Amino acid sequence: MPGGVSATARRNAALGHPFYIARGEGARVYDLDGREYVDLCCSHGASLLGHGHPAIRAAVQRALELGAVCAAETEYQVALAHRLRDLVPCAEMARFSSSGTETMMHALRLARAATGRDKFIKFEGHFHGYSDFLNFSWAPPLAADPTAPYAESAGIPRDTAQHVIVVPFNDPDALRAAFAAHDGQVAALIMEPVNYDSGCILPQPGFLQTCRELCDAHGAMLFFDEVLTAFRAAAGGAQQLYGVTADLAVLGKAFGGGMPISALVGRREVMEHMRPLGSCEMSGTYLSHITAVLAAQAALEQFASPGFYEQMHAVGERFYAGFHDVIARSGVAVRMQHCGPRFGLYFGLDPDEPVLNYRMAARQDHAQFLRFVRGCIERGLYVHVSAHHGFSAVHTDAEMDFALAAIEGALTDVHKEF
Ligand SMILES: Cc1ncc(COP(=O)(O)O)c(C=O)c1O
């Protein structure tokens, strides 16, 4: 396997090799030597229910008993769509596929089909999967022109960039200007409502409302990439959290309770552009595989159960308060930002100054961060080298205290070496 990994993101620059996992259980993972780690990666956010949750195991077992039939509709896809309609604000209709990348690709096509326009606006530092059209400007070098779409991979056709308009997050004037400059040409404004892929950058008060108003004024779709925010801090995702309803949204990661599924949801009149009702294609053998559909149904029951978010927020409140204390004691300049059970760290930045956009985030000291990650892993805390970290609904206060002790130790390492 090139680089010894199935996905580039599994490389671990802090270790110099991938972090190989033998198995996971609850809030913990075990390496190939049987060493135990408290997990603060949680499958990049997919394992919001922890590893091997009994309800997910039972759902997968049930799918196997049903013959794991695929490439066919069952009653379960319909039930899942109904459940989403109850929970997620814009979900008047739904389609399911296997990954965020795949669904984002289809959702962009749908936005273009529904508006008859090709261009879209995205925010710098926001990640929307790896398809050619969307793989732009999520981690450009600081030397790159912030207004020019930056292709994040070789092999993306050069003319793809002509459809991409890049704007800084949390800057209403820049967004207004971009809409005005491309009036009548913008199919969608695509965004992570909470920009976890640059750590954890929150939308400033009123910014999502401004996005909604500008989309309405210019006939563009407000398209939330909720792959990470779905079910994260609230059952209705960022739309519920911020009280802004999108036209289209893509849900992923936590949605499947660790199984591969993603949903494209949206307003009925937009979704009806899909074949066989309209002329926009979305099909595939493995779309909405029954194992993942049943797992997602089981996961939604957990998310909708009384006290689910209250319990997780209580664990988080205690952990984040402890984290701030540890940072203050450490003498290391590191800014921490969080939303629900996920957080971002910015080494080398003022602990008290909010990070509002990608350019601010990208000034962080990566070498310090890598040293920190190594220090955590050495102390039995699995932190990955990605931009965001987090815990699950089954992490206990005791496990989070263990995490804090490891974090304090790792910050001491950073303080000694830098
Ligand atoms: C915001 C966002 N969108 C899309 C994706 C792509 O999803 P997947 O990894 O399931 O293809 C990710 C994955 O990390 C993501 O964080």
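**The core and the two domains**

In this predicted model, the largest nonpolar core holds 133 residues, and Met221 and Phe223 touch the most other members. A nonpolar core here is a set of buried Ala, Val, Leu, Ile, Met, Phe, Trp, Tyr and Cys residues joined through C-beta atoms within 7 Å; buried means that 20 or more other C-beta atoms lie within 10 Å of a residue's own, with C-beta atoms placed from the backbone. Helix H8 (residues 290–303) gives the most to this core, ten residues. Helices (H or I, at least four residues) and strands (E, at least two) are DSSP runs, numbered from the N terminus. Because domain 1 (2–53 + 306–417) and domain 2 (54–303) both give residues to the core, it lies between them. The domain bounds come from an automatic or database domain assignment.

Residues are numbered from 1 along each chain as its sequence is written. In this predicted model, local features need pLDDT of at least 70 and side-chain atom pairs count only at pLDDT 80 or more, while totals for chains, interfaces and linings use all residues.

The centres of the two domains, taken over C-alpha atoms, are 25 Å apart. Across the boundary, 31 residues of domain 1 are in contact with 32 residues of domain 2, contact meaning C-beta atoms, placed from the backbone, within 7 Å. On the side of domain 1 that touches domain 2, the elements giving two or more residues are helix H9 (308–330), strand S11 (334–339), strand S12 (342–347) and helix H10 (358–361). S12 gives the most to that side, with five residues.

Technical notes
A residue is buried if 20 or more other C-beta atoms lie within 10 Å of its own, exposed if 12 or fewer, and partly exposed in between; C-beta atoms are placed from the backbone. Two residues are in contact if their C-beta atoms, placed from the backbone, lie within 7 Å.
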